[in-house]
Amino acid sequence: MSEQSTLSANAAEPAPARRLQAVLLDMDGTLIESEGLWNEAEADLVAELGGRWTHQDHERNVGNAAVPVGRYIIELTGAHHLTPREVATELYARFRGKLAGGAEVRPGAAELVRMLADSEVPVVLVTSTERELIETALGRIGLDLFDDSVAGDEVGANKPHPDPYLTAAHRLGVDPARCVAVEDSAVGVASAADAGCVTVAVPNHVEIPPREGVVVRESLVGVGLDWLESLVAED
């Protein structure tokens, strides 16, 4: 009887606490295939302003928020009668028209979000895109699966500044160093890594320069909770 009691007590012991405190996910280019839609919206607007939008122009702006892209377009086209905010508003209008019920989902993205939603580890969306477009853009995954979301117009400074990821960690009350962030652009990687997050880069439309401590994957296919936790260092 005493041996059975010992086994029962051991079985009832709680599992060790996970080192991983949260997973923070970028949206455009990471979860959804929206960078091509942004490129089309940018090219349409630049053409209307009398300029030409090249592949190189798009690459220079992948991961940036709409207002900095607006500033770039003004310099490119000479449309100084517009403000960066006005150009950003026009970009959003064109992008919204191209979404058609939600952008295509990147390989492994929906499975990753669902797995995290079913786990005890919080998952937060951290995007440069402004709040008004997030739910539509993420329609095929579902914003309701996330514990929280940080939009580009809800932070003091957008990516590549670390503020978006610091804001996400602060809202959860967790240590950024115990969070894994997933990004697809150099701008996003800089934001996450400078915030102190363990950063996973999944390059999509642009190359990401090597950076110490940044883990590179070809896709999100097969990403599991144990692997994510293995990235977070022991005390």
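These legends go with a set of close-up views of one predicted model.

**View 1. The whole chain, before zooming in.**
The predicted chain has 235 residues, and 49% of them count as buried. Its secondary structure comes to 10 helices and 6 strands. Along the principal axes, the C-alpha atoms fill a box of roughly 85 × 35 × 30 Å. If you look at contacts with a separation of 6 or more, 65% of them come from residues 24 or more positions apart.

**View 2. The open sheet, strand by strand.**
Here 6 strands line up in the order β3-β2-β1-β4-β5-β6, with parallel pairing, and the sheet is open. The edges belong to β3 (148-150) and β6 (215-216); each has a single partner strand, so one side of each is left without a neighbour in the sheet. As a reminder, strands of a sheet pair through backbone hydrogen bonds, either parallel or antiparallel.

**View 3. β1 and its two partners.**
Strand β1 (22-25) is joined to β4 by 4 bridges, the two running parallel. On that side, Leu25 sits opposite Val182 of β4. β1 also pairs with β2, again in the parallel sense, this time over 3 bridges. Two residue pairs are worth picking out at the β1-β2 seam: Val23 has Val123 as its bridge partner, and Leu25 has Leu125. Both faces of β1 are covered, with Ala22 and Leu24 buried on one side and Val23 and Leu25 buried on the other. In a regular strand the side chains alternate between the two faces of the sheet.

**View 4. β2 and the edge strand β3.**
Strand β2 (residues 123-126) is tied to β3 by 3 bridges, and the two run parallel. Look for Val124 opposite Asp148 and for Leu125 opposite Ser149. What covers β2, one face or both? Both faces are covered: Val123 and Leu125 are buried on one side, Val124 and Val126 on the other.

**View 5. Helices α8 and α9 against the sheet.**
Helix α8 lies across β1, β2, β3 and β4, and its direction makes about 155 degrees with that of β3. Helix α9 packs on the sheet too, touching β4 and β5, at about 165 degrees to β5.

**View 6. A closer look at α9.**
How many of the 9 residues of α9 are buried? The count is 7, which leaves this helix (residues 186-194) mostly covered. The buried ones are Val187, Gly188, Val189, Ala190, Ser191, Ala192 and Ala193. They pack against α8 (163-172), β4 (179-183) and β5 (198-201). After the helix comes Gly196, with a positive phi near 95 degrees.

**View 7. The cis bond before Pro160.**
Pro160 belongs to the loop between β3 and α8. The peptide bond joining Lys159 to Pro160 is cis, with omega at about 15 degrees. For context, most residues other than glycine have a negative phi, and most peptide bonds are trans.

**View 8. The cavity.**
The search turns up 1 cavity of 30 Å³ or more. Its volume is about 220 Å³. A total of 23 residues line this cavity, and the closest to its centre are Asp28, Glu35, Trp38, Gly63 and Asn64. The elements giving two or more residues to the lining are α2 (35-48), α3 (55-61), α4 (66-77) and α5 (84-99). Which of the elements gives the most to the lining? That is α2, with 3 residues. By residue type, the lining divides into 7 nonpolar, 9 polar and 7 charged.

**View 9. Glu120, out in a loop.**
Glu120 lies in the loop between α6 (109-117) and β2. Is Glu120 buried or exposed? With a relative accessible area of 57%, Glu120 is exposed, because the cut-off for that label is over 50%. Pull Ala79 into the frame as well: Glu120 and Ala79 are 41 residues apart along the chain, and their C-alpha atoms are separated by 50 Å.

Conventions. Residues are numbered from 1 along each chain as its sequence is written. This is a predicted model: local features need pLDDT of at least 70, side-chain atom pairs count only at pLDDT 80 or more; totals for chains, interfaces and linings use all residues. Side-chain values use heavy atoms; hydrogens and water are left out. On a 1 Å grid over the protein atoms alone, a cavity is a set of points where a 1.4 Å probe fits but cannot get out, and a pocket is an open set with protein on both sides within 12 Å along at least five of seven lines; lining residues have an atom within 4 Å of a point. Grid points are joined across faces, edges and corners, and a volume is the space filled by probe spheres set on the points. Ala, Val, Leu, Ile, Met, Phe, Trp, Tyr, Cys and Pro count as nonpolar, Asp, Glu, Lys and Arg as charged, and the others, Gly among them, as polar. Buried means under 20% relative accessible area, exposed over 50%, partly exposed in between (1.4 Å probe, protein chains only). Contact means heavy atoms within 4.5 Å. Two strands pair if DSSP finds at least two bridges between them. Axes are lines fitted to C-alpha atoms, for helices over the stretch in contact, and angles run from 0 to 180 degrees between N-to-C directions.
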